[in-house]
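Subject: The structure I promised you

Hi there,

Here is the structure we talked about, with my notes below it. Have a look around first, then read on.

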Amino acid sequence: MNIYDVSEKSGVSIATVSRVLNGSPNVSEATKKKVLSVMEELGYTPNVFARGLGLNTMNTIGIMCSDSSDPFLANAVYYLEQNLRKNGYDAFLCCTGYELVNKQKYLQLLLGKRVDAVILVGSSFLEADNNGNKYIIEAAHKVPVMIINGYLAHPNIYCTVCDDYQATYDATNNLIKSGSRNILYLYSSKSYSGIQKLNGYKDAITSNNLSLKDSLMVCNSGDIETITEVLDKLYKNDSKFDAIITSEDHLAVGAIKFAKKNGIKIPKDLQVIGYNNSILSHCTDPEISSVDNHVEALSIATVTNLMRVLAKADVPNRTTLSNDLIKRETTRF
């Protein structure tokens, strides 16, 4: 079935059918009902792309995430899709990986689909070298670009971030107040979010007049087993630490396994704090104290801001949400 069949059976012109599809006010209610009835009878579904050409909107948003197996990113995508749907928008999802060339390729793919906007989930889309961010800036000349948990200052780019710096500063400060003096910071990336967390740790250490040691700042993007091995090696090389704060929950799980392997009592001899308050923080024994960066709130705020942008309302370049530390069994404070 096509638009010609609908036109013939309903006894109106193709132009009138097109106006009904595009929601034009220049069609009587009686004609509109007749055309819609024929469409339902014939089982005709209008081509969304053809309809978009007439409306100058596809009612579709492109979503890019680097790794859909990551709990934080997967949850963000879920909440984004749910809230976009509530606002009458569908979504195209691209899982890009971490290579810049693939991010560029998928962004061009989404723009080719005539999406109304693009949402980048996670700060891994931002490069330390600004030249690597040109593909995002160029896209913002065509459609609004929303970034979750990353910041890039440019017109038509809107960022929703959590205060990772303050959250990590406060978590580290709590460890110090509860008696820990040799606090290991374990992180997995030097993304925008990663740098904010690292700086929060550093400033908490120095503001408490403790020595900032390179040996206690470890970057490793391995899996849980790899993290366990890394910590085990540090421990056997006589690296002294009585607390571990991490940038991701899976790193904290590795810390728990390391402690169990070496008979270290948690939290008496070793305190551990994770990040993201993901399901992983509930699945260990003991359960992990973790920073909750409110992925649902981040996602809802992003969609809310996007709807305002599409409605031509004023929206700030950056919206900042606060985090909460959820205390469980791996901390003494």
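Let's start with one residue. Lys261 has a relative accessibility of 55%, so Lys261 counts as exposed; here exposed means over 50% relative accessible area, buried means under 20%, and partly exposed is in between, all with a 1.4 Å probe and protein chains only.

Before going further, please keep in mind that this is a predicted model, in which local features need pLDDT of at least 70, side-chain atom pairs count only at pLDDT 80 or more, and totals for chains, interfaces and linings use all residues. Residues are numbered from 1 along each chain as its sequence is written, and side-chain values use heavy atoms, with hydrogens and water left out.

**Salt bridges**

Side chains of opposite charge can pair when their charged atoms come close. A salt bridge is counted when a side-chain nitrogen of Lys or Arg is within 4 Å of a carboxyl oxygen of Asp or Glu, and the structure holds 7 of them.

Lys261 takes part in one of these, meeting the side chain of Asp232 at 3.2 Å, N to O. Asp232 belongs to helix H10 and Lys261 to helix H11, so this pair ties together parts that are 29 residues apart in sequence. (Helices are DSSP runs of H or I with at least four residues, strands are runs of E with at least two, and both are numbered from the N terminus.) Unlike its exposed partner, Asp232 counts as buried, at 6% relative accessibility. Lys236 joins in as well: Asp232, Lys236 and Lys261 form a linked network of salt bridges.

Another pair is Lys103 with Glu127, at 3.1 Å from N to O. Lys103 sits in helix H6 (residues 100–112), while Glu127 is in the loop between strand S3 (117–121) and helix H7 (134–140), so parts 24 residues apart in sequence are tied together. Is Lys103 buried or exposed? Lys103 is buried, with a relative accessible area of 1%, whereas Glu127 is partly exposed at 25%.

In a third pair, the side chains of Asp238 and Lys240 meet at 3.0 Å, N to O. Asp238 is exposed at 51% relative accessibility, and Lys240 is exposed too, at 55%.

**Two sheets**

Strands count as paired if DSSP finds at least two bridges between them. One open sheet has 6 strands in the order S2-S1-S3-S4-S5-S11, with parallel pairing. Strand S2 (90–95) and strand S11 (318–321) are at the edges with a single partner strand each, so one side of each has no neighbour in the sheet. On average, neighbouring strands here are turned by 15° against each other, direction ignored.

Within this sheet, 6 bridges join strand S1 (residues 60–65) to S2, and Gly62 stands opposite Phe92 in S2. H6, the helix that holds Lys103, packs on this sheet and touches S1, S2 and S3, with its direction at about 170° to that of S1. Such angles run from 0 to 180 degrees between N-to-C directions, using axes fitted to C-alpha atoms, for helices over the stretch in contact.

The other open sheet also has 6 strands, in the order S7-S6-S8-S9-S10-S12, but with mixed pairing. Its edge strands, S7 (217–219) and S12 (324–326), each pair on one side only. Strand S9 (residues 271–275) and strand S10 (residues 289–292) run parallel and are joined by 3 bridges; Tyr275 has Val291 in S10 as its bridge partner.

The two helices of the Asp232–Lys261 pair lie across strands here. H10 (residues 224–236) crosses S6, S7 and S8, at about 150° to S6, and H11 (residues 249–261) crosses S6, S8, S9 and S10, at about 155° to S9.

**The nonpolar cores**

A nonpolar core is a set of buried Ala, Val, Leu, Ile, Met, Phe, Trp, Tyr and Cys residues joined through side-chain atoms within 4.5 Å. Which residues touch the most other members of the largest core? Leu231 and Leu270 do, among its 37 residues. H11 gives the largest share, 7 residues. Beyond its neighbours within four places in sequence, Leu231 has contacts (heavy atoms within 4.5 Å) that include Leu184, Ile244 and Phe258. A separate core of 26 residues includes Ile63 and Val295.

Enjoy exploring!
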